[in-house]
Amino acid sequence: ERSKLHRIKDTHSATLDGEEVFLHANIEGPKDIGQVRAANADGVGLYRTEFLFIGRDTLPDEEEQYEAYKAVLKAMGSKPVTIRTFDVGADKALKHQPSRIEPNPALGLRAIRFSLSEPKMFLTQLRALLRASVHGKLRIMVPMLAHAKEIDQTLGLVDRARAELRAEGAKFDERVEIGAMIEVPAAALSLGMFVRRVSFMSIGTNDLIQYTLAIDRSDDAVVHLYDPLHPAVLKLIAGTIQAGVRYGLPVAVCGEMAGDPAYTLLLLGMGLRHFSMHPSNILGIKQQVLRADVGELAPKVQRILRMDEPAKVRDAVLRLGGGVI
Ligand code: PEP
Ligand code: MG
């Protein structure tokens, strides 16, 4: 089965009716590049930078971060590399963080909230990212946004990093795009305020499902209630993808759903053309893309989005033909 998949490694990823689909990789650092190359990914759709320092005592300084970003950008050449700013807190706690009693870590000081509360640390990361941008095609992505002011403060810090680097005579790519992760229901329900401020969006379905259904994704006792096919979840995902089409902004999915072949046809039918996943899933997803006809899928998926009986939704998604759910 694996060697069969290997044969489509260099096949252009497009649907039967000629729609081009981009298959990107999720990585945790330069160590994953071998796998990304083996799968011939179209780019890196999510570089989880917090793994640079989770489990260590000290934060990486600007130089160490620069090297880690540069290594990935260089290895990917002209292919896009989407680097996410630190997503610490909740299930990805920092060792050096003074242990604060957090009643609800998933609802607490994590991701962009944490970064904005440590502006010096955040600025260091943004400087390292911009400096690395001369080595490839960098895009910067911001996790867990919910408020317009969080985007504005982030863009303000990016401008400050740019101004500092200019003053120092350091080179960077002026065209680096900034994008938003859509993983809080409030964000998925107020996309207008994002499309005015960012250049691309990426749906983090892992968190979007957790926050929509109020299910702690790390709590085994409620994991059976975690359901990507809940009608509320599907509406938020489809709405975000369609807003991207309407406003002409690229939208990706980079949560687990993007790497699960059971959901590929559903997502294609919603209009999704950018998928990012663990590199080991890329060829399996490509196989689904190659047999898909989006012209046929789109009306079927529109019907699924109008269903409000979970059993019917499940049955209809199964009948699209992606395999076991
Ligand atoms: C997500 O939430 O879907 C996501 C891709 O981010 P993470 O799993 O790192 O929180
Ligand atoms: Mg997330």
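For the views below, Ala, Val, Leu, Ile, Met, Phe, Trp, Tyr, Cys and Pro count as nonpolar, Asp, Glu, Lys and Arg as charged, and the others, Gly among them, as polar. This is a predicted model, so local features need pLDDT of at least 70 and side-chain atom pairs count only at pLDDT 80 or more, while totals for chains, interfaces and linings use all residues. Residues are numbered from 1 along each chain as its sequence is written, and chains are lettered from A and ligands numbered from 1 in the order in which they are written.

**View 1. The shell around ligand 1**. Here you can pick out Leu46, Arg48, Asp87, Glu183, Gly204, Thr205, Asn206, Asp207, Cys254 and Gly255 around the ligand (near means that a C-beta atom, placed from the backbone, lies within 6 Å). Two elements, β2 (44-48) and α9, each give two or more residues to this shell. Helix α9 gives the most, with three residues. Sorted by type, the shell has two nonpolar, four polar and four charged residues. Helices here are DSSP runs of H or I with at least four residues, strands are runs of E with at least two, and both are numbered from the N terminus.

**View 2. Glu183 and Asp207 up close**. UniProt, in an unreviewed entry, marks this pair as "binding site"; its positions follow the numbering used here, feature names are shortened, and annotations may be inferred rather than shown by experiment. The pair is spread over 25 residues of sequence, yet clusters in space, with a largest C-alpha distance of 5.3 Å. Glu183 sits in the loop between β5 (177-182) and α7 (185-188), while Asp207 belongs to helix α9 (residues 205-213). Glu183 is buried because it has 27 other C-beta atoms within 10 Å, and Asp207 is buried too, with 23 such neighbours (buried takes 20 or more, exposed 12 or fewer, partly exposed in between, with C-beta atoms placed from the backbone). Leaving out neighbours up to four places away in sequence, Asp207 touches Met144 and Glu183; contact means C-beta atoms, placed from the backbone, within 7 Å.

**View 3. Arg217, in the loop between α9 and α10**. Arg217 appears in another UniProt "binding site" listing (unreviewed entry), along with Arg48, Arg84, Asn206 and Asp207. Is Arg217 buried or partly exposed? It's partly exposed, because it has 17 C-beta neighbours inside 10 Å. Beyond four places in sequence, Arg217 touches Asn206, Gln210 and Tyr226.

**View 4. Helix α10 from end to end**. This helix covers residues 231-247, 17 in number, and reaches 24 Å from its first C-alpha to its last. That's close to the 24 Å expected at 1.5 Å a residue, where the expected span is 1.5 Å times one less than the number of residues. Its buried residues include Val233, Leu234, Ile237 and Ile241. Just after α10 comes Gly248, with a positive phi near 70 degrees.

Notes
Contact = placed C-beta atoms within 7 Å.
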